[in-house]
Amino acid sequence: IPKLRVRPKKEKPAPQCAVQMVALTTCWTMGSPDSEKCQTLANNLARCMQGARAPKPPKSNINWHLARLGPQV
């Protein structure tokens, strides 16, 4: 085995601002989209989306360990 490598799992990031999006779409379906309540929910969603960042996946060190132990295998 010349090079041992492990491919990391591809995980889907958790949806951010999903609660605000559902609340806004529900408000749009229930009443008039121009109501004050829907405007407040739209502002909450915009604020959430501005502050949202893609989460950084944790770095795995298994490939380093495999490279270190490779000559011994």
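This is a short talk on the fold, the disulfides and the core of one protein chain.

Hi everyone, and thanks for having me. A word of caution before we start: what you see above is a predicted model.

Let me begin with the overall layout. The secondary structure of the protein chain consists of three helices and zero strands. Reading from the N terminus, the order of elements is α-α-α.

How far does the C-alpha trace span along its principal axes? It covers about 70 × 20 × 10 Å. The radius of gyration says something related: the protein chain has 23 Å, whereas a compact globule of 73 residues would have a value near 11 Å. Burial is worth a look here too, with 8% of the 73 residues counted as buried. As for the surface, the accessible area of the protein chain is about 7000 Å², and carbon and sulfur atoms hold 59% of that.

You may like the contact statistics. Take the contacts in the protein chain with a separation of 6 or more: 60% of them are between residues 24 or more positions apart.

Now to the cross-links. How many disulfides does a search of the whole structure find? It finds two. Counting bonded cysteines along the chain, their pattern is 1-4, 2-3.

Let's take the pair Cys17 and Cys48. Their sulfur atoms sit 2.0 Å apart in a disulfide, and the link is left-handed, with -90 degrees about the S-S bond. Cys17 belongs to the segment before H1 and Cys48 to helix H2, so this disulfide ties together parts 31 residues apart in sequence. The two ends can be described by their accessibility: Cys17 is buried, at a relative accessible area of 10%, while Cys48 is partly exposed, at 21%. The cut-off for buried is under 20%, so Cys48, with its 21%, counts as partly exposed.

The other pair is Cys27 and Cys38, joined by a disulfide with an S to S distance of 1.9 Å. This link is left-handed as well, with -95 degrees about the S-S bond. Here Cys27 is in helix H1 and Cys38 in helix H2, so the parts tied together are eleven residues apart in sequence. Both Cys27 and Cys38 are buried.

That brings us to the core. Which residues make up the largest nonpolar core? There are six: Cys17, Leu24, Cys27, Cys38, Leu41 and Leu45. Helix H1, residues 18-30, and helix H2, residues 36-51, each contribute at least two of them. The largest share, three residues, comes from H2.

Two of the leucines in the core deserve a closer look. Setting aside residues up to four places away in sequence, Leu41 touches Ala23, Leu24 and Cys27. Then there is Leu45, which is found in helix H2. Is Leu45 buried or exposed? Leu45 is buried, with a relative accessible area of 9%. Apart from its neighbours within four places in sequence, Leu45 is in contact with Cys17, Gln20, Met21 and Leu24. With Gln20, the C-alpha to C-alpha distance is 5.3 Å, although Leu45 and Gln20 are 25 residues apart in sequence.

If you have the viewer open, Leu45 is a handy place to start. From there you can go to Cys17 and Leu24, which are among its contacts, and both of these are members of the largest nonpolar core. From Cys17 you can then follow the disulfide to Cys48.

That's my tour, and I'm happy to take questions.

Notes. Residues are numbered from 1 along each chain as its sequence is written. This is a predicted model: local features need pLDDT of at least 70, side-chain atom pairs count only at pLDDT 80 or more; totals for chains, interfaces and linings use all residues. Side-chain values use heavy atoms; hydrogens and water are left out. A nonpolar core is a set of buried Ala, Val, Leu, Ile, Met, Phe, Trp, Tyr and Cys residues joined through side-chain atoms within 4.5 Å. Buried means under 20% relative accessible area, exposed over 50%, partly exposed in between (1.4 Å probe, protein chains only). Helices (H or I, at least four residues) and strands (E, at least two) are DSSP runs, numbered from the N terminus. Contact means heavy atoms within 4.5 Å. The radius of gyration is taken over C-alpha atoms; the globule rule is 2.2 Å times the number of residues to the power 0.38. Accessible areas come from the Shrake-Rupley method with a 1.4 Å probe; for residues, only the protein chains shown count as cover. A disulfide is a pair of cysteine sulfur atoms within 2.5 Å.
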